[in-house]
Amino acid sequence: MPSDKQRAPINIILLGDPAAGKATQAVYLAKRFKLYDFDMGQELTRLRTTNEGLSSLLKQNYDKGKLTPTKLVREILASTIKKISPIQGILFDGHPKMLGEAKLASRLIKEQKRSAPIVIYLSIPLEETVKRMHNRKGYFDGKFGKRADDSDTALKNRVKYYRVNIAQVVEFFSSRYEYHKISGLGTPAQVRQRFKLLLDKFTQE
C-alpha cells in the first residue's frame, strides 16, 4: 500500500533562466500531474479583464514597462493558493521570482499542510538566452522593456540582473526543499524526457 506521503498531490516550483523553455514544459507538467498551473502572467491578464480598477493600474504599469507592484503580486499569490483545493497539486509556473514572494509561498504551503514542493530550475547558458531572445519577436514586451537599440551587452546585463534576484529565491528554496537543476538545451522533447526521468523517482509507488 502506498504511504500517505506518496498519495499526497505533488507540488512543483518551476524556475529557470529567461527563454529556457519553462512555458513549454509547464504545459507537460500540469497535464501529467493534473496540477493547477499558477502562472502569474495569466493571473494578471485575468485581472486586467475582470477588475476595472486593477485593470487601469496594471495597464499603466505595463505601458510604462514597470513591474507589477510587489504588494499586488503577493496578494494574488496568497489569494490564488488559498482557493486551490488541497487535493490538487500546484505548479508554480516560473514564480516566485523575488525572495519575499518565495517566503510567502513557503509559508502558505505549510499553512495548507501541502506536501513539500519539488523545486526544479531549468538552466541554459547566458549566450543561449540572448540567442533565443533575439529569435522571439516581442519577448521583452512587459518583461525587460526591450528597445530598438538594445545590444547584446544590454540584454546580457538585464539577464544578469534577473539572475541575481532569482539566485536568492533558489538559495531559499534549496535550503528547505528537494532541489534539482535541469538543462534546457536541446529539443523540447529531449528536455521533457529529463523532467520525466527526474519526477518518476518521486511519483512511483
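This is a short walk through one protein chain, from its overall layout to a few of its unusual spots.

Keep in mind from the start that the model you are looking at is predicted. The protein chain has 205 residues, and 43% of them count as buried. Its folded form holds nine helices and five strands. If you follow the chain from the N terminus, the elements come in the order α-β-α-β-α-α-α-β-α-β-α-α-β-α. Among contacts with a separation of 6 or more, 78% link residues that are 24 or more positions apart. On the outside, the accessible surface comes to about 11700 Å², and carbon and sulfur atoms account for 53% of it.

Now look inside. Which residues touch the most other members of the largest nonpolar core? They are Leu15, Phe38, Leu77, Phe92 and Phe173, in a core of 28 residues. The elements that each give two or more residues to this core are β1 (12–16), α3 (40–50), α5 (70–83), β3 (90–93), α6 (99–111), β4 (118–123) and α8 (152–174). A second core, separate from this one, has 20 residues, including Tyr28, Leu29, Leu35 and Leu91. To get a feel for one core member, find Phe173: leaving aside its neighbours within four places in sequence, Phe173 is in contact with Ile13, Leu15, Pro96, Ala102 and Val119.

Pro96 is a good stepping stone to the next stop. Pro96 sits in the loop between β3 and α6, and His95 lies in that loop too. The two residues are joined by a cis peptide bond, with omega about 5°. Most peptide bonds are trans, which makes this a spot to look at with care. Is His95 buried or exposed? The cut-off for buried is under 20% relative accessible area, and His95 has 3%, so His95 counts as buried. Leaving aside residues within four places in sequence, the contacts of His95 are Ile13, Leu14, Leu15, Phe38, Met40, Val73, Leu77 and Glu101.

From the same loop you can cross over to helix α8. Asn165 is found in this helix, and Asn165 counts as buried because its relative accessibility is 15%. Beyond its neighbours within four places in sequence, Asn165 is in contact with Lys97 and Met98. Tyr162 is also a residue of α8, and at 12% relative accessibility Tyr162 counts as buried. Tyr162 and Lys97 are 65 residues apart in sequence, yet their C-alpha atoms are 8.6 Å apart in space.

Helices can also be viewed in pairs. Two packed helices are described by the angle between their axes and the distance between the axes. Take α7 (residues 126–134) and α8: their axes come within 10 Å and cross at roughly 120°. This crossing is right-handed. On the α7 side, the contact is made by Leu126, Glu127, Thr129, Val130, Met133 and His134, while α8 brings Asp152, Leu155, Lys156, Val159, Lys160 and Arg163. The buried residues of α7 are Leu126, Glu128, Thr129, Val130, Arg132 and Met133, and these buried residues pack against α8.

The second pair is α2 (22–33) and α9 (residues 188–203). Their axes come within 10 Å and cross at roughly 35°, and this crossing is right-handed. In α2, Thr24, Gln25, Tyr28, Leu29, Arg32 and Phe33 meet a set of α9 residues that includes Val191, Phe195 and Leu199. Helix α9 also lets you check a simple sum. At 1.5 Å a residue, its 16 residues should span 22 Å, and the end C-alpha atoms are indeed 22 Å apart, so the two values agree. Its buried residues are Val191, Phe195, Leu198, Leu199 and Asp200, and they pack against β1, α2, β4 and β5 (178–183).

Two last stops concern backbone angles. Most residues other than glycine have a negative phi. Ala19, in the loop between β1 and α2, has a positive phi of about 70° although it is not a glycine. Lys113, in the loop between α6 and β4, also has a positive phi, near 60°. Their surroundings can be set side by side: Ala19 counts as buried because its relative accessibility is 2%, whereas Lys113 is exposed, with a relative accessible area of 74%.

Methods. Residues are numbered from 1 along each chain as its sequence is written. This is a predicted model: local features need pLDDT of at least 70, side-chain atom pairs count only at pLDDT 80 or more; totals for chains, interfaces and linings use all residues. Side-chain values use heavy atoms; hydrogens and water are left out. Helices (H or I, at least four residues) and strands (E, at least two) are DSSP runs, numbered from the N terminus. Buried means under 20% relative accessible area, exposed over 50%, partly exposed in between (1.4 Å probe, protein chains only). Contact means heavy atoms within 4.5 Å. Accessible areas come from the Shrake-Rupley method with a 1.4 Å probe; for residues, only the protein chains shown count as cover. The expected span of a helix is 1.5 Å times one less than its number of residues. A nonpolar core is a set of buried Ala, Val, Leu, Ile, Met, Phe, Trp, Tyr and Cys residues joined through side-chain atoms within 4.5 Å. Axes are lines fitted to C-alpha atoms, for helices over the stretch in contact, and angles run from 0 to 180 degrees between N-to-C directions. A crossing is left-handed if the near helix is turned anticlockwise from the far one by less than a right angle, and right-handed if clockwise.
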